[in-house]
Amino acid sequence: MTSVMALALPALGDEQCQPLKIVSSVELKLPKNAAAQVPVSIGGQPLLFRLTTDGSQSAISSAAIDKFALIRRDSSLRTLDAQGDYSNTVANVEDFRIGTARFGKVLLRQMVKDPSPDGPQGWLGNDLLRGYDVDLDFAAAKMNLISRDHCAGEKVVYWSSKTLAKVPMRISENNRIVFKMMLDGHEIEATIESGVGRTTLLRPVADSVFGLTETSPGAKPTGNADRFHYRFGKLSLEGLVITNPDITIVPDATAKMPRHGGSRIIAGLSVHQGAPLKLGMSTLRQLHIYIDYANQTLYFTPAKPELDQAAEPLED
């Protein structure tokens with residue numbers, strides 16, 4: 001079993017500060033061990049997207065482009081999947097909204113392959129999210145988009161919690177959030193990725209840093225020859241500790257990705273790119289996270305206040 005433990009912090013100060021302004025609040029869909037899903041709308045018509053906090057560019061399915069009669073055009077930027085297939089098509093959207101947050105005209109990339117018709121028809125990435133602070137309350141299945149016009153610092157943590165991990169982050173060249181965590185005593189670059197069901201670690205890092213292979217004691221097969229599960233001892237940052245995290249070890253698909261001349265390349269969601277450790281929903285659902293893009297800071301607390309006092313067992 002996985003559990004969350006935390007160290008108590010002093011109460012936050014009571015000095016005057018501009019209150020947070022919630023621009024939009026939407027209910028998330030959180031299937032077990034699957035990507036978080038967020039409601040959006042195009043021209044007033046509802047649509048469900050995957051919430052991809054590690055996605056550099058937002059995207060939409062070809063079927064949805066046709067449904068909403070959006071205008072397509074070619075782009076010099078290609079989205080590439082793990083098989084080497086790509087899309088260099090983008091779609092102009094005149095009226096894109098997340099709840100009451102109006103984005104106006106946006107450009108969405110066409111997905112390389114369409115998802116199942118009954119699944120999310122696109123993904124929401126950092127290109128649109130970073131215009132706000134993003135509050136992810138997974139225990140309440142809620143996402144709040146908050147105005148950047150507020151005081152910096154711990155005051156953004158408006159909910160009750162005796163535990164707070166305040167972590168510096170950076171935005172990589174390909175528009176991804178990167179920060180550092182400790183995994184079994186080793187510092188690892190990580191990202192939060194609500195667009196995948198399970199937390200993953202790149203296989204080359206698992207091998208070189210932890211000496212792990214599919215034949216290591218404790219390694220469990222996944223049904224995919226390129227992947228295996230391994231339960232580590234402790235994943236931590238600041239005063240927050242996640243014990244016994246079950247992490248899927250995955251190959252570095254970018255090493256084998258073909259290169260297409262004449263175009264810039266970005267990887268689609270099927271490709272593990274960026275930081276070697278991705279915190280998927282198996283871990284994120286245990287946390288409450290506030291992303292302050294402007295000040296490049298992440299705030300983490302346990303998802304449930306009662307976890308401040310005791311290490312309650314939580315399922316992956």
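Reader: In what order do the six strands of the open sheet lie?

Author: Keep in mind that this model is predicted. To read a sheet, walk across it from one strand to its neighbour. Here the order is 2-11-10-24-25-12. The pairing is antiparallel, and the sheet is open.

Reader: Which strands are at the edges?

Author: Look for a strand that pairs on one side only. Strand 2 (22-27) and strand 12 (165-168) fit that description. From one strand to the next, the twist averages 15°.

Reader: How many bridges join strand 12 and strand 25?

Author: Four bridges, in the antiparallel sense. Strand 25 spans residues 297-302. To see one position, find V167: L298 in strand 25 stands opposite.

Reader: How many residues lie between strand 17 and strand 18 in their hairpin?

Author: Follow the chain out of one strand and into the other. Between strand 17 and strand 18 there are six residues. In the turn, G223 has a positive phi of about 95°. The two strands, residues 220-221 and residues 228-231, pair in the antiparallel sense over two bridges. K220 has H229 in strand 18 as its bridge partner.

Reader: Which residue in strand 21 is the bridge partner of F228?

Author: That partner is I249. Strand 18 and strand 21 run antiparallel, and four bridges join them.

Reader: Now a helix. Which residues of helix 3 are buried?

Author: Check each residue of the helix for its exposed area. In helix 3 (residues 203-210), V205, A206 and F210 are the buried ones. They lie on the same side of helix 3, because they cover an arc of only 100° around the axis.

Reader: What covers these buried residues?

Author: The cover includes strand 14 (177-183), strand 15 (186-192), strand 16 (200-202) and strand 21 (246-250). You met strand 21 before, joined to strand 18.

Reader: Which residue follows helix 3, and is its phi positive or negative?

Author: G211 follows, and its phi is positive, near 65°.

Reader: What describes a pair of aromatic rings?

Author: Use two values: the distance of the centres and the angle of the planes. In this protein the count comes to eight aromatic pairs. Take F49 and F96 as one of them. Their centres are 6.0 Å apart, with 45° between the planes, so the pair counts as tilted: stacked is under 30 degrees and edge-to-face over 60.

Reader: Where in the chain do F49 and F96 sit?

Author: F49 is in strand 4 (residues 45-51), and F96 is in strand 7 (residues 86-98). They are 47 residues apart, so the pair links distant parts of the chain.

Reader: Are these two rings buried or exposed?

Author: Compare the relative accessibility with the cut-off for buried, which is under 20%. F49 is at 0%, so F49 counts as buried. F96 is also at 0% and counts as buried. F96 pairs with F103 too: edge-to-face, 5.9 Å centre to centre, 70° between the planes. F103 counts as buried because its relative accessibility is 18%.

Reader: Which residues form the aromatic cluster?

Author: F49, F96, F103 and Y132 form one cluster.

Reader: Last, the whole protein. How many helices and strands does the protein have?

Author: Four helices and 26 strands. Of the 316 residues, 53% are buried. The protein exposes about 14200 Å², and carbon and sulfur atoms supply 49% of that area. For contacts, take those between residues at least 6 apart in sequence: 67% of them join residues at least 24 apart.

Key
Residues are numbered from 1 along each chain as its sequence is written. This is a predicted model: local features need pLDDT of at least 70, side-chain atom pairs count only at pLDDT 80 or more; totals for chains, interfaces and linings use all residues. Side-chain values use heavy atoms; hydrogens and water are left out. Buried means under 20% relative accessible area, exposed over 50%, partly exposed in between (1.4 Å probe, protein chains only). The arc is that of the directions from the helix axis to the C-beta atoms. Contact means heavy atoms within 4.5 Å. Rings of Phe, Tyr and Trp (its six-membered ring) pair if their centres lie within 6.5 Å; planes under 30 degrees apart count as stacked, over 60 as edge-to-face and the rest as tilted. Accessible areas come from the Shrake-Rupley method with a 1.4 Å probe; for residues, only the protein chains shown count as cover. Two strands pair if DSSP finds at least two bridges between them. Axes are lines fitted to C-alpha atoms, for helices over the stretch in contact, and angles run from 0 to 180 degrees between N-to-C directions.
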